[in-house]
Amino acid sequence: MLKDILNNDLKKYMKEKNTLALNAVRSIISEIKNKEVEKGAGLTEEEIIQVIKKQIKMREDSIEQFEKADRIDLAEKERKEVEILQSYLPEQLSDEELKKIIEETISEVNATSKKDFGKVMKLIIQKVQGRADGKKISEILSTLLN
């Protein structure tokens, strides 16, 4: 479904001659095709979301580098592409919703210390399915397990 949306948007951006959005969507579609060839099969929605997140992360790193090099024009272009790519991700959970899911998971697993961090983290990532950043999950989980 997400793949269909990307392909439809690709056509739409071509007609609109929106080169910024077109390039962003093209890069995702290209990366998805590369991953499918690597895997030898089509990607699941979750795997496509991971591809998009990876593309966003790459652009955020570029923004940082461009700002260090005082290339604000290029940094701004990357920021706009990040906004476009984020529109394809599922809606992110609020901090309160995320904390509630983490607390529920801790009690389900009866986690009491940092030793249980990995086990709990794995379950939380499965539950949120791309709707929260791993760093944010890790921070909240660390705080709650202390």
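**Exercise 1. Where does Asp-70 lie?**

Solution. Asp-70 belongs to the loop between H3 and H4, where helices are DSSP runs (H or I, at least four residues) numbered from the N terminus. The model is a predicted one, in which local features need pLDDT of at least 70, side-chain atom pairs count only at pLDDT 80 or more, and totals for chains, interfaces and linings use all residues. Residues are numbered from 1 along each chain as its sequence is written, and side-chain values use heavy atoms, with hydrogens and water left out.

Next, consider the backbone. Asp-70 is not a glycine, yet its phi is positive, about 65°. Finally, consider accessibility. With a relative accessible area of 62%, Asp-70 is exposed; exposed means over 50%, buried under 20%, and partly exposed in between (1.4 Å probe, protein chains only).

**Exercise 2. Determine whether the length of helix H2 agrees with its number of residues.**

Solution. Helix H2 covers residues 19-39, which is 21 residues. The expected span is 1.5 Å times one less than the number of residues. This gives 30 Å, and the end C-alpha atoms of H2 are 30 Å apart, so the two values agree. After the helix comes Gly-40, with a positive phi near 80°.

**Exercise 3. Describe the surroundings of Ile-28.**

Solution. Begin with its position: Ile-28 lies in helix H2. Its relative accessibility is 0%, and therefore Ile-28 counts as buried. Other buried residues of H2 include Leu-22, Val-25, Ile-29 and Ile-32. The buried residues of this helix pack against helix H1 (2-16), H3 and helix H4 (72-86).

Then list the contacts, meaning heavy atoms within 4.5 Å. Leaving aside residues up to four places away in sequence, Ile-28 touches Leu-6, Val-51, Ile-52, Gln-55, Leu-85 and Tyr-88.

**Exercise 4. Which elements give two or more residues to the lining of the largest pocket?**

Solution. First, the terms. On a 1 Å grid over the protein atoms alone, a pocket is an open set of points where a 1.4 Å probe fits, with protein on both sides within 12 Å along at least five of seven lines; lining residues have an atom within 4 Å of a point. A volume is the space filled by probe spheres set on the points, which are joined across faces, edges and corners.

The largest pocket holds about 450 Å³ of space. It is lined by 19 residues, and the closest to its centre are Lys-53, Gln-92, Ala-132, Asp-133 and Gly-134. The elements sought are helix H3 (45-68), helix H6 (117-128) and helix H7 (134-145). H3 supplies the largest share, seven residues.
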